[in-house]
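Here is a friendly walk through one protein chain, written for reading alongside the coordinates. Keep a viewer open and follow along.

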Amino acid sequence: MTGSASRRYAYVGPAEPLALVRAGAGGQPVGGPDDLAAWLATRAPGEREEPFTFVVGVDGVLRLAPRRGEHVVCAGGERVLAAGEMTFGRRGDGWRVVEVSNQSTGYCPDPDCWPAVAAALDRAGIGRPDGLTSPFVFRRCPECGERNLVKDDFYACVFCDADLPAAWNLDAPGPG
């Protein structure tokens with residue numbers, strides 16, 4: 001499958017956060033500016049200044065949770081179109097996204113998940129930047145199977161020093 005518009009990211013992180021998922025629970029769905037404003041009003045003032053955990057479900061709906069919330073819990077254990085962290089700022093009489101990343105070590109989405117994030121925010125009528133403000137690149141090591149965060153375009157496994165592939169590969173199982 002090419003491009004993330006159709007990619008559905010499965011949870012690839014450790015088992016402990018997955019065990020926290022409860023049926024019927026998940027992140028706060030945001031269908032419009034009023035939903036966002038109402039949810040942010042329930043957060044402490046200092047918390048509103050920090051990034052929040054977000055996912056875009058396969059239904060295209062943005063869901064939010066407190067920053068220290070697990071992405072897989074926010075997603076109700078389901079696959080997602082995108083996951084990361086999002087920071088909001090006041091603009092006039094409403095809120096808009098001022099920073100957004102794909103930082104989720106549980107789903108490890110590729111930066112090309114951005115169109116799903118943009119579409120969810122646009123449908124909800126929430127202002128946004130033109131792209132991820134902090135993109136992260138994740139790869140699975142084909143030798144040892146570990147998840148890696150690629151830094152400074154250095155595609156080598158931090159665990160075994162094997163070369164990492166150029167293309168996103170976290171849907172592929174590890175060796176063995």
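The report below starts with the whole chain and then visits a few residues and one helix.

## The chain as a whole

Please keep in mind that this is a predicted model. The protein chain holds five helices and seven strands. Read from the N terminus, the order of elements is α-β-α-α-β-β-α-β-β-α-β-β. Its C-alpha atoms occupy a box of roughly 50 × 35 × 30 Å along the principal axes.

Does the radius of gyration point to a compact or an extended chain? For 176 residues, a compact globule would come out near 16 Å, and the protein chain has 16 Å, so the two agree. Contacts tell us about the fold too: among those with a separation of 6 or more, 60% join residues that are 24 or more positions apart.

## Surface and charge

Of the 176 residues, 44% count as buried. The accessible surface of the protein chain is about 9,000 Å², and carbon and sulfur atoms contribute 50% of it.

As for charge, there are 18 positive and 23 negative side chains. The centres of these two sets lie 5 Å apart.

## Helix α5 and its cover

Which residues of α5 are buried? They are Trp-114, Ala-116, Val-117, Ala-118, Ala-120, Leu-121 and Ala-124. In an α-helix there are 3.6 residues a turn, so residues three or four places apart point the same way. The cover over the buried residues of α5 includes the strands β1 (28-30), β2 (52-57), β3 (62-65), β4 and β5, along with the helix α2 (33-41). After α5 comes Gly-125, with a positive phi near 70 degrees.

Trp-114 deserves a look of its own within α5. It counts as buried because its relative accessibility is 12%, which is under the 20% cut-off. A polar atom of the Trp-114 side chain lies 3.3 Å from the backbone oxygen of Asp-130. Trp-114 and Leu-81 are 33 residues apart along the chain, and their C-alpha atoms are separated by 9.1 Å.

## Ser-104 in its loop

Now move to the loop between β5 (94-101) and α5 (114-124), where Ser-104 sits. Is Ser-104 buried or exposed? Ser-104 is buried, because its relative accessible area is 1%.

What does the Ser-104 side chain reach? One partner is the backbone nitrogen of Tyr-107, at 3.2 Å. Another is the side chain of His-71, with which the side chain of Ser-104 makes a polar contact at 3.3 Å. Setting aside neighbours within four places in sequence, Ser-104 is in contact with His-71, Ala-83, Gly-84, Pro-109 and Phe-138.

## Thr-87 on strand β4

Thr-87 belongs to strand β4 (residues 80-91). With a relative accessible area of 9%, Thr-87 is buried, since buried means under 20%.

Several parts of the sequence meet at this residue. Beyond residues up to four places away, Thr-87 touches Glu-49, Glu-50 and Pro-51, and also Arg-96, Val-97, Val-98 and Glu-99.

## The segment after β7

The segment after β7 (147-150) includes Asp-152, and Asp-153 is found there as well. Asp-152 has a phi near 55 degrees, a positive value in a residue other than glycine. Asp-153 likewise has a positive phi, near 55 degrees. Are these aspartates buried or exposed? Asp-152 is exposed, because its relative accessible area is 80%. Asp-153 is exposed too, with a value of 66%.

Trp-168 also lies in the segment after β7, but Trp-168 is buried, with a relative accessible area of 13%. A polar atom of its side chain lies 2.7 Å from the backbone oxygen of Cys-108. Leaving out residues up to four places away, Trp-168 touches Arg-7, Tyr-9, Cys-108, Pro-109, Asp-110, Phe-138 and Arg-139. Pro-109 and Phe-138 are also among the contacts of Ser-104. By contrast, the C-alpha atoms of Trp-168 and Cys-74, which are 94 residues apart along the chain, are separated by 23 Å.

Terms used. Residues are numbered from 1 along each chain as its sequence is written. Side-chain values use heavy atoms; hydrogens and water are left out. Helices (H or I, at least four residues) and strands (E, at least two) are DSSP runs, numbered from the N terminus. The radius of gyration is taken over C-alpha atoms; the globule rule is 2.2 Å times the number of residues to the power 0.38. Buried means under 20% relative accessible area, exposed over 50%, partly exposed in between (1.4 Å probe, protein chains only). Contact means heavy atoms within 4.5 Å. Accessible areas come from the Shrake-Rupley method with a 1.4 Å probe; for residues, only the protein chains shown count as cover. Lys and Arg count as positive and Asp and Glu as negative; His and the chain ends are not counted. The place of a charge is taken as NZ of Lys, CZ of Arg, CG of Asp or CD of Glu. A polar contact is a pair of N or O atoms within 3.5 Å; within protein, one must be able to donate a hydrogen and the other to accept it, and residues adjacent in sequence count only if both atoms are side-chain atoms.
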